[in-house]
Protein chains: 4
Amino acid sequence: MTDVVRVTVWNEYRHEKSDKAVADVYPNGMHEVIASHLCAQGFQVRAATLDEPEHGLTEDVLAQTDVLIWWGHMAHGEVRDEIVERVHQRVLDGMGLIVLHSGHYSKIFKKLMGTSCALRWREMGEKERIWVVDAGHPIAAGLEAYFEIPHTEMYGEMFDIPQPDELVFISWFQGGEVFRSGCCFHRGKGRIFYFRPGHETFPIFYQREVLQVISNAVRWATPVTGPKVELGHYPTPLEPIAQG
Amino acid sequence: MTDVVRVTVWNEYRHEKSDKAVADVYPNGMHEVIASHLCAQGFQVRAATLDEPEHGLTEDVLAQTDVLIWWGHMAHGEVRDEIVERVHQRVLDGMGLIVLHSGHYSKIFKKLMGTSCALRWREMGEKERIWVVDAGHPIAAGLEAYFEIPHTEMYGEMFDIPQPDELVFISWFQGGEVFRSGCCFHRGKGRIFYFRPGHETFPIFYQREVLQVISNAVRWATPVTGPKVELGHYPTPLEPIAQG
Amino acid sequence: MTDVVRVTVWNEYRHEKSDKAVADVYPNGMHEVIASHLCAQGFQVRAATLDEPEHGLTEDVLAQTDVLIWWGHMAHGEVRDEIVERVHQRVLDGMGLIVLHSGHYSKIFKKLMGTSCALRWREMGEKERIWVVDAGHPIAAGLEAYFEIPHTEMYGEMFDIPQPDELVFISWFQGGEVFRSGCCFHRGKGRIFYFRPGHETFPIFYQREVLQVISNAVRWATPVTGPKVELGHYPTPLEPIAQG
Amino acid sequence: MTDVVRVTVWNEYRHEKSDKAVADVYPNGMHEVIASHLCAQGFQVRAATLDEPEHGLTEDVLAQTDVLIWWGHMAHGEVRDEIVERVHQRVLDGMGLIVLHSGHYSKIFKKLMGTSCALRWREMGEKERIWVVDAGHPIAAGLEAYFEIPHTEMYGEMFDIPQPDELVFISWFQGGEVFRSGCCFHRGKGRIFYFRPGHETFPIFYQREVLQVISNAVRWATPVTGPKVELGHYPTPLEPIAQG
């Protein structure tokens, strides 16, 4: 583990440039709001966006990233497959990955899950109440039994993901649905956290609890210096093999 | 659930045609030995192989398959991506999938797992002892506390897979390694079982316990008629949404 | 596995005798309604109640029970510890156990879980909508994406249980809570299913979907003939131990 | 989370006083060796033993303990039930618990697991090789792909525990068995780690890797300040309930 945790906040960053309603809420992009919060928490933070060369995710940037935060929505298909492969390999090598809201449909999340990652959705600005179901989990630190998001897009079950290794939050929606909103996965040496809240026009990434969860998740997903995983051919047995 | 469970045994079927040592053990292909056993158990069985058109896995064949058994080894790369997509979609829709031995490196297994599925391996014909760690699991029905394979290829940890939803077997190897040898996964509506034993020259698919596990796994992976999963846009809330 | 699955429906059976409102709904006891449904499904069913000698759960009865269904509410403390020990041992030996609604606070469930099994609750007759979150699970067979209970007691998170081995249902409540309503656990050789719905005055055990889930769960929890688990001292190694 | 993590090392501390062979290895008790290591790692450490009043685990001591380490072997039955209840409650309230070796049969571990916690065992001083199966897990930090214990007591499967929430280690034994040697469980707000290695005469608690795992586990099991879990009756709904 490095002493200072290095976070890269990746944002598709299209809405904010093309849609005034979004720009009004996030004038410098959603990544800027999340990055500011993480800086204030003592993390070393940089941003990367879709329209930069290599989507801002060069080999070098990824090599210097302990935890990657991912937001995408309207342009999942424009993320180049070779960059997805690169991020995938880094996650298996230990980099943490935090996927926000509509990132459930990103190439990298679907590739790591192996399922469709489809869900039900509706956009009416209804209320969401997020319940903690694993009160001792580090990602729930500093929260109460639940918190509310006054106006949000609905995501409902069945959410087509593998059963999470650790389920931290379940959401209640005013319109009648439920959702597994905080899901931990271990893949290779990496740790992945999917967090449902977030939206491009509702000011959800300014909400205290949402930011608290994101910084908790960064700490949880920070890689540790475990065994080097060198798999493949090991022709010499560790123990003598008597021929039977 | 259909009354008679329909199984398709897929075999790469190259070794048996190109290598006399393999043909001596499996003169009609490995799939024939597995299929015979399953027929005798009352399943309705067909075979499919790599060199058939569409690898024998047409839309029609898959639509009539409840459980697919997969063996591949030397030609994983020749399986066409569109057929992998087709099998993947069928698994998410509920078809069972049983992946044998070197199938851990098949495109379909890696796609479903989301990880590298790499492992350590060694080929010295050493002894393997397979321990049951979930004695009440249906896939362990009819077994003793352990069974042995006298001569086998070694597969050792770390096996780069997601933590299994249910872990049924752990192997001990004479040369000093261990391996999670019987791993259950739920993905979409489908159930997947990875079973480590098997080889192209050791006569492992003639062994009683191995065949017992395969037929147990077919029963476990048989789809049930659960809810149709129709995800996507649901604009109308189930409950009235009072505007706050 | 026996050919015919033998089910014992255990009911505290106090409310129905002491409270007219309950007797109006369940004149012959709740167990009678559940038992009738299971008989019609082809199971061999008997009932047992708290006030019988040994609570109706003699060694003999348990030895002839493949799956035990448990309902208790007001008299958990009157169940004798030695009977709880007996049921516990039978579960570890493979008997299935299905715990209904207020049975979450029974001695046997708390003993098997190792946690407090506490939860939030409220009794206002509000609406519950039960969502399937694992559409391929055998316990969800025959259901739609969700089903509703028009009037019920609320149970809310955090439900203090171990993370379920398989989570099948999550409930939405009109009053604002969520709950993990269908939870599978493997303990020893036994399989346990906790199912939230049920009540002594709301006619929930007459509802088609609820009965469907109960019979699905009986099938899922039916024991298989796996390895005899004989643990303890094994002084003779299976392999020669060279002294280093 | 407190700034300095407070650890209590509990030791039965009978062998060391009654058996010269044990005293030769652990003249001041096993707890002293473990405590010294943890002190050197910066934890605030105290010890407690069976023969102290209240076994050294007063309300006050437990209230000031973030993580409790448990070693017992010959006198599990002498631990008073009321102290077990007290420790159990503290774990559910968030205290971490690390159970070593023969502690698998302690009252507190069995109570938390809900199963028999039985296993196979043999005492011939054979070799054990402990493989990491989750290389990214914090408890595997600083290790290689495996480490060896040259002479140890064998513990073999089937280990009658619930499936671990996270499985970190699997052991290989020279005599032919395997064992799930590093098992994580979440119960209530507490985190529990079972670690197999350890013995009263083999000098296992002096081994670098074993001590490394113990201090890793203490860090992993340290409680976080999550939601207060106040369960029970909540008569007022969070949302208005329209009567249907």
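**Exercise 1.** What area is buried between chain D and chain C, and what percentage do carbon and sulfur atoms give? Describe the interface.

*Solution.* Note that the model is predicted.

Step 1: take the area. About 3,400 Å² is buried between chain D and chain C. Carbon and sulfur atoms give 59% of it.

Step 2: list the elements on the chain D side. Helix 5 (81–92), helix 6 (107–113), strand 5 (120–132), strand 8 (178–187) and strand 10 (232–233) of chain D each supply at least two residues to the side that touches chain C. Strand 5 of chain D has the largest share, five residues.

Step 3: sort that side by residue class. The side of chain D that touches chain C holds 18 nonpolar, 14 polar and ten charged residues.

Step 4: take the residues in contact. Chain D brings 42 residues and chain C brings 42 residues.

Step 5: look for specific pairs. Between chain D and chain C, 16 residue pairs are in polar contact, both residues at pLDDT 80 or more. The salt-bridge rule finds zero across this interface.

**Exercise 2.** In which sense do strand 10 of chain C and strand 5 of chain D pair? Name a bridge partner.

*Solution.* Strand 10 (residues 232–233) of chain C pairs with strand 5 of chain D in the parallel sense, over two bridges. C:His233 has D:Trp121, in strand 5 of chain D, as its bridge partner.

**Exercise 3.** Is D:Thr65 buried or exposed? Place the residue and list its contacts.

*Solution.* Step 1: locate D:Thr65. The residue sits in the loop between helix 4 (59–63) and strand 3 (67–71) of chain D.

Step 2: apply the cut-off. D:Thr65 has a relative accessible area of 0%, so the residue is buried.

Step 3: set aside neighbours within four places in sequence. D:Thr65 is then in contact with D:Arg6, D:Thr8, D:Arg90 and D:Met95.

**Exercise 4.** How many salt bridges does a search of the whole structure find over all chains? Work through some examples.

*Solution.* Step 1: the search finds 76 over all chains.

Step 2: take a buried pair. The side chains of B:Arg122 and B:Glu126 meet at 3.0 Å, N to O. Both residues are buried.

Step 3: take a partly exposed pair. C:Arg80 and C:Glu82 form a salt bridge at 2.9 Å, N to O. C:Arg80 is partly exposed at 36% relative accessible area, and C:Glu82 is partly exposed at 48%.

Step 4: take a pair that links distant parts of the chain. D:Arg14 and D:Glu78 meet in a salt bridge at 2.8 Å, N to O. D:Arg14 lies in the loop between strand 1 (6–11) and helix 1 (15–18) of chain D, and D:Glu78 in the loop between strand 3 and helix 5, 64 residues apart. D:Glu78 is partly exposed, at 43% relative accessibility.

Key: Residues are numbered from 1 along each chain as its sequence is written. Chains are lettered from A and ligands numbered from 1 in the order in which they are written. This is a predicted model: local features need pLDDT of at least 70, side-chain atom pairs count only at pLDDT 80 or more; totals for chains, interfaces and linings use all residues. Side-chain values use heavy atoms; hydrogens and water are left out. Contact means heavy atoms within 4.5 Å. Buried area is the accessible area (1.4 Å probe) that two parts lose on being put together, summed over both. A salt bridge is a side-chain nitrogen of Lys or Arg within 4 Å of a carboxyl oxygen of Asp or Glu. A polar contact is a pair of N or O atoms within 3.5 Å; within protein, one must be able to donate a hydrogen and the other to accept it, and residues adjacent in sequence count only if both atoms are side-chain atoms. Helices (H or I, at least four residues) and strands (E, at least two) are DSSP runs, numbered from the N terminus. Ala, Val, Leu, Ile, Met, Phe, Trp, Tyr, Cys and Pro count as nonpolar, Asp, Glu, Lys and Arg as charged, and the others, Gly among them, as polar. Two strands pair if DSSP finds at least two bridges between them. Buried means under 20% relative accessible area, exposed over 50%, partly exposed in between (1.4 Å probe, protein chains only).
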